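Thanks for making time, everyone. Please have the sequence and the model up on your screens. I will go from the pairing of strands out to the whole chain.

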Amino acid sequence: MVVHGEREVLPSATRAEAAKALTAFTTAYNKADKAYDSSLDADHVTGALGDIDAGRLKAGHKNYPGGNPAYSPLEFSDPKFTIPKKAGWPRWFVAEARGNKGGDAHWLLVFTRDDLGDPWQVAYLTLITPGSLPELKKDKDGWAEAVPVNSTGLAVPPADLSRTYTAYLKNGGRTFADGPHTSNWRALRAKAAKQPGLATQFIDEPLTSGDYGPLALRTRDGGALVFFAHRRYQKLTAAANASIPTQKPDVLALVSGEIKQSLTMEFMSNEVALDPKGGGQVSVLTRLEGMTSGTGS
């Protein structure tokens, strides 16, 4: 019998394949981190994490060409895998594990691949408080349910979440519940916008497709746990009689041009949100970001 993976609803991976993918990622991540060389884990990262990781390693290499002087290997324990059944590509699954870095937080990683012959790559990575995620819907065999990105049964279709979030960061509104990554972040931006002698501008760009496309899992109550990303820019402009604050070496390593009166920094940000069934407010549970480039003038 021929099984057509593009049409059949099948688990995205076996549990053994998921465990093997986590081990392969960890090995490659450690090699890249030790050498500060992004080519060593490029086959194991993509999308938002790929950009964040490349920026981190580029800065590290510029400041420490001989490798990471503070290197210690990342180790995971007690991994748990959430694997959805779905038709078509990409296939994907979620791993949650305790890491020996990041304090008491757990690492949450989303692995994807676009074809059977491709390696599994981590597209999203965030840190979460253990037990903070909603309970996910699973069938009798323990497989999760992937939510179509154009699903209309949620407060916001997952396909629109990045666009809705970036609009909220600019204009506010009631689509998102208050919290550190919504109302608090907007308040911090408003405070930073007008410092004496220094103006700060924020520009957010949605990311909605390809390796940056959203991925969603059905929660037990009918909502969705959504992984999504956006790109943002932060521009500092000093007044004529002032100067840009001194930046850390990791920031300066990613900046081209000379910082005189302005500095524009580009960041990649990835978020995890709880998108409720029907109406209600979306809750952004966690966010992780990294600088990817900068320009001084």
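Two strands pair here if DSSP finds at least two bridges between them. Helices (H or I, at least four residues) and strands (E, at least two) are DSSP runs, numbered from the N terminus. Before the sheets, the ground rules. This is a predicted model, where local features need pLDDT of at least 70, side-chain atom pairs count only at pLDDT 80 or more, and totals for chains, interfaces and linings use all residues. Residues are numbered from 1 along each chain as its sequence is written, and side-chain values use heavy atoms, with hydrogens and water left out.

Now, the small sheet. It is open, has three strands in the order S1-S3-S7, and its pairing is mixed. Which strands stand at the edges? Strand S1 (10–11) and strand S7 (144–145) do; each has a single partner strand, so one side of each is left without a neighbour in the sheet. Strand S3 (residues 84–86) runs parallel to S7, joined by two bridges. Look at Lys85: it stands opposite Glu145 in S7.

Step back along the chain from S7. Asp139 sits in the loop between strand S6 (121–128) and S7. Is Asp139 buried or exposed? Neither: its relative accessible area is 30%, so Asp139 is partly exposed. Buried means under 20% relative accessible area, exposed over 50%, partly exposed in between, with a 1.4 Å probe and protein chains only. Asp139 and Pro84 are 55 residues apart along the chain, and their C-alpha atoms are separated by 9.8 Å.

Next, the C-terminal strands. Strand S13 (residues 262–275) and strand S14 run antiparallel, joined by twelve bridges. One pair to find: Glu271, with Arg287 as its bridge partner in S14. Strand S14 (residues 283–296) also takes two bridges from strand S12 (residues 255–256), and that pair runs parallel. There, Ser256 has Thr295 as its bridge partner in S14.

Finally, the whole chain. It has five helices and 14 strands. Its C-alpha trace spans about 75 × 50 × 35 Å along the principal axes. How many of the 297 residues count as buried? The figure is 45%. Contacts (heavy atoms within 4.5 Å) reach far along the sequence: of those between residues at least 6 apart, 67% join residues at least 24 apart.
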